[in-house]
Amino acid sequence: MADPVLRIDVLTLFPTLFQGFLCESILSRAIERGLVAVHLWNPRDWADGKHRQVDDRPFGGGPGMVLMAPPVVAAVEAIQLAAESPGRLIALTPGGRRLDQSWVRTLAGEARLILLCGRYEGFDERIFEVLEPELLSVGDYVLSGGEVAAMVVIDAAMRLIPGVLGDAESATDESFGVEGGLEYPHYTRPRLFRGRDVPSILLSGDHQAIDLWRREQSRDRTAQRRRDLVDPELAPLPKLKRPPGTPKTPRQTLPLAIEDPLTREPPAPDESAGRSERKP
Ligand code: ADE
């Protein structure tokens, strides 16, 4: 079979979460027809030790577990080599840039995406420093992991690939389309439902008038429900109050010898060797 239009590699500790998602409806048809390919990988397969550990407690204390850098970085580096193009690497995290339809359009135009799903409290920061992924959030709320967010990205992107949607499901005339606003209201049979009739213009057969009515509806809805799409003026960030006595720019230093917060013991001598103090 020829290369898919879009290849998506997903790195997840829970690949079975994707089973139902990949086997139903539009996406499964797109996969069958070779337009989209989704490959699932588990970072545990790159983890060391008998227990193949992929997460650990956070340095500095706090709740939850953090995804470890070594297995995740090793997995991504191996996966990048599994196809001709290294792909566009995206980490799913609530701290990322919020996904919108224009970003989805860009992603749908790529040949390959690699989606990195976090779990637990999040990723070890060194994963971001070493791999430099783009950070993507699906909204300002916290999910239990990046898997559902990855499904959002896959679903939104694949339906924009030419040939994935039939004419009946066309993506040309929907919310966040070329005009950027919300979609107009739709009606189907029965014509009368609980005393509510379909707007008469839709029964007129005058396609120009219908088109104009729909555009007006779309504009009015957007203004009423999503003013931010019409007037996206950003609210200024609230000022943070500094507790009295704290210096203006806290010095970011990495001490030469620090206590290991997990074991409460100082590090072994060779562990701190070669570390230097970072300049702020
Ligand atoms: N992981 C947890 N919450 C998320 C969100 N809102 N977007 C992307 N990934 C996430």
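How do the residues of the shell around the ligand divide into nonpolar, polar and charged? This note on the predicted model takes up that question first and then turns to the fold.

1. **The ligand shell.** Seven residues of the shell around the ligand are nonpolar, six are polar and none is charged. In total, 13 residues surround the ligand, and the closest are Leu92, Pro94, Ser137, Leu143 and Ala149. Among the elements of the chain, strand β5 (residues 88-98) gives the most to this shell, contributing three residues.

2. **Overall make-up.** The protein chain holds nine helices and 10 strands. Of its 280 residues, 21% are buried. When contacts between residues at least 6 apart in sequence are considered, 75% of them join residues at least 24 apart.

3. **The three-stranded sheet.** Three strands form an open sheet in the order β3-β4-β7, and the pairing is mixed. β3 (55-56) and β7 (122-123) stand at the edges with a single partner strand each, so one side of each has no neighbour in the sheet. Strand β4 (residues 66-67) and β7 run parallel and are joined by two bridges. Within this pairing, valine 66 has glycine 122 of β7 as its bridge partner.

4. **Length of helix α3.** Helix α3 comprises 12 residues (residues 69-80). At 1.5 Å a residue it should span 16 Å, and its end C-alpha atoms are 16 Å apart, so the expected and computed values agree.

5. **The buried face of α3.** Which residues of α3 are buried? They are Pro71, Val72, Ala75, Val76 and Ile79. Viewed down the axis of α3, these buried residues fall within an arc of 125°, and therefore line one face of the helix. The general background is that an α-helix has 3.6 residues a turn, so residues three or four places apart point the same way.

6. **What covers that face.** The cover over the buried residues of α3 includes the strands β1 (6-11), β2 (36-41), β4, β5 and β6 (112-117), together with helix α5 (125-131). Two of the strands named here appear above: β4 belongs to the three-stranded sheet, and β5 contributes to the ligand shell.

7. **Glutamate 84.** The loop between α3 and β5 contains glutamate 84. Is this residue buried or exposed? Glutamate 84 is exposed, because 10 other C-beta atoms lie within 10 Å, and a residue counts as exposed at 12 or fewer. Its C-alpha atom is separated by 9.4 Å from that of arginine 112, although the two residues are 28 residues apart along the chain.

Conventions:
Residues numbered from 1 in each chain as written. Predicted model: local features only at pLDDT ≥ 70, side-chain atom pairs only at ≥ 80, totals over all residues. Pairing = 2+ DSSP bridges. Helix = DSSP H or I, 4+ residues; strand = E, 2+ residues; numbered from the N terminus. Near = placed C-beta within 6 Å. Nonpolar A, V, L, I, M, F, W, Y, C, P; charged D, E, K, R; others polar. Expected span 1.5 Å × (residues − 1). Buried ≥ 20, exposed ≤ 12 C-beta atoms within 10 Å, placed from the backbone. Arc of directions from axis to C-beta. Contact = placed C-beta atoms within 7 Å.
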